[in-house]
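Got your viewer open? Load the model below and we'll walk through it one selection at a time.

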Amino acid sequence: MTAPLIEVRELGFAYRSGPPVLSGVGFEVVQGRSLALVGESGAGKTTLVRLLLGLLRPGSGEVLLDGRPLCGNERALRRAVQPVFQDPYSSLDPRQRVDRIVAEPLRSLGLVSGPGRRAETDRRVAEALHAVGLPPQAARRYPHEFSGGQRQRIALARAVVCHPRVLLADEPVSALDLVTRVRLVDLLAELRDTRDLTVVLVSHDLTVVAELCEEVVVLEGGRVAERGGTAEVLGSPRHPCTRRLVASAPRLPEPGQEPAQPL
Ligand SMILES: Nc1ncnc2c1ncn2[C@@H]1O[C@H](COP(=O)(O)OP(=O)(O)OP(=O)(O)O)[C@@H](O)[C@H]1O
């Protein structure tokens with residue numbers, strides 16, 4: 001059996017002296033398989049993402065990357081796991097040009113050095129911009145010159161520039177209009193396939209989950225309610241929480257059917 005790339009074991013967490021936000025959470029992600037974290041608001045998804053990024057320390061249990069605990073292994077973690085956040089407006093520094101924004105992981109991880117580092121950085125940035133469908137001239141411009149969808153492409157270029165193994169995406173398309181959302185999901189799927197990326201996705205949108213992830217973990221009140229193959233879990237939900245999520249997912253009307261009346 002293939003060893004998991006990420007292994008979450010009996011993870012527990014509480015903010016300061018508050019109640020437990022996560023309890024006994026466990027799952028694995030195998031390299032090349034993508035996994036979605038779903039659940040109602042407040043279920044603990046974003047907290048779990050912060051733990052997977054090493055931004056929070058577990059209260060109990062552990063997260064393993066390639067069999068090694070994240071704590072004390074932060075550099076390997078930052079190289080292997082890159083985040084993409086929801087808001088394309090606040091996640092990019094408005095004072096920096098796109099080339100500097102995209103090159104940030106190369107600089108902070110010290111991946112490009114020596115006399116040719118400038119040319120090598122430019123080459124890697126151009127390659128990342130190309131991978132997300134942005135023209136080379138985008139490098140010289142500032143974030144405010146781009147639409148929300150283009151900004152999310154810049155955020156994706158920054159995430160893939162250091163060739164990570166995992167993209168940890170927290171609601172990466174939910175701030176975008178429907179057409180842009182579809183394009184971005186297609187791009188995420190293409191990056192996943194062409195770069196052998198594992199995507200760990202948080203999304204309220206089950207269509208996006210089904211499009212991008214083979215496996216799903218359903219969280220309820222900080223515990224795993226249900227997990228398994230996406231088609232199986234969303235197609236035949238067993239847990240009441242999963243049934244509620246599936247039942248509340250918006251559906252486009254069938255051709256010839258009246259659109260749903262707004263509330
Ligand atoms: N910084 C914080 N300090 C204290 N409590 C927090 C903090 N961040 C989140 N919480 C609490 O932790 C619980 C889980 O929040 P979290 O944001 O992880 O849920 P979520 O599933 O991502 O929700 P949503 O889908 O609404 O984003 C909630 O009860 C929330 O109020």
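Start by selecting residues 6-246, the stretch covered by the UniProt annotation "domain: ABC transporter", which comes from an unreviewed entry. UniProt positions follow the numbering used here, feature names are shortened, and annotations may be inferred rather than shown by experiment. Residues are numbered from 1 along each chain as its sequence is written. You're looking at a predicted model: local features need pLDDT of at least 70 and side-chain atom pairs count only at pLDDT 80 or more, while totals for chains, interfaces and linings use all residues. The end C-alpha atoms of your selection lie 27 Å apart, and the span is 38% helix and 25% strand. Helices (H or I, at least four residues) and strands (E, at least two) are DSSP runs, numbered from the N terminus.

**Stop 1: the ligand**

Show the ligand, then pick Tyr 15, Gly 18, Val 21, Gly 39, Ser 41, Gly 42, Ala 43, Gly 44, Lys 45, Thr 46 and Thr 47, the residues around it. A residue is near the ligand if its C-beta atom, placed from the backbone, lies within 6 Å of it. Which helix gives the most to this shell? That's helix 1 (residues 45-52), with three residues.

**Stop 2: an open sheet**

Next, find the open sheet of four strands, in the order 2-1-4-5 with antiparallel pairing. Its edge strands are strand 2 (20-30) and strand 5 (68-69), each pairing on one side only. Two strands pair if DSSP finds at least two bridges between them. Strand 1 (residues 4-14) and strand 2 share seven bridges; click Pro 4 and you'll find its bridge partner, Val 30, in strand 2.

**Stop 3: strand 7**

Now select strand 7 (residues 166-170). Five of its five residues are buried, so the strand is largely enclosed by the rest of the structure. Buried means that 20 or more other C-beta atoms, placed from the backbone, lie within 10 Å of a residue's own; exposed means 12 or fewer, and partly exposed is in between. Val 166, Leu 168 and Asp 170 are on one side, Leu 167 and Ala 169 on the other.

Add the parallel partners: strand 6 (residues 81-84) is joined to strand 7 by four bridges, and strand 8 (residues 198-202) pairs with strand 7 over five. Val 81 stands opposite Val 166, and Asp 170 has Val 202 as its bridge partner in strand 8.

**Last stop: His 130**

Finish in helix 4 (residues 117-131), where you'll find His 130. His 130 is exposed, because 12 other C-beta atoms lie within 10 Å. Ala 157 is 27 residues away in sequence and 8.5 Å away in space, C-alpha to C-alpha.
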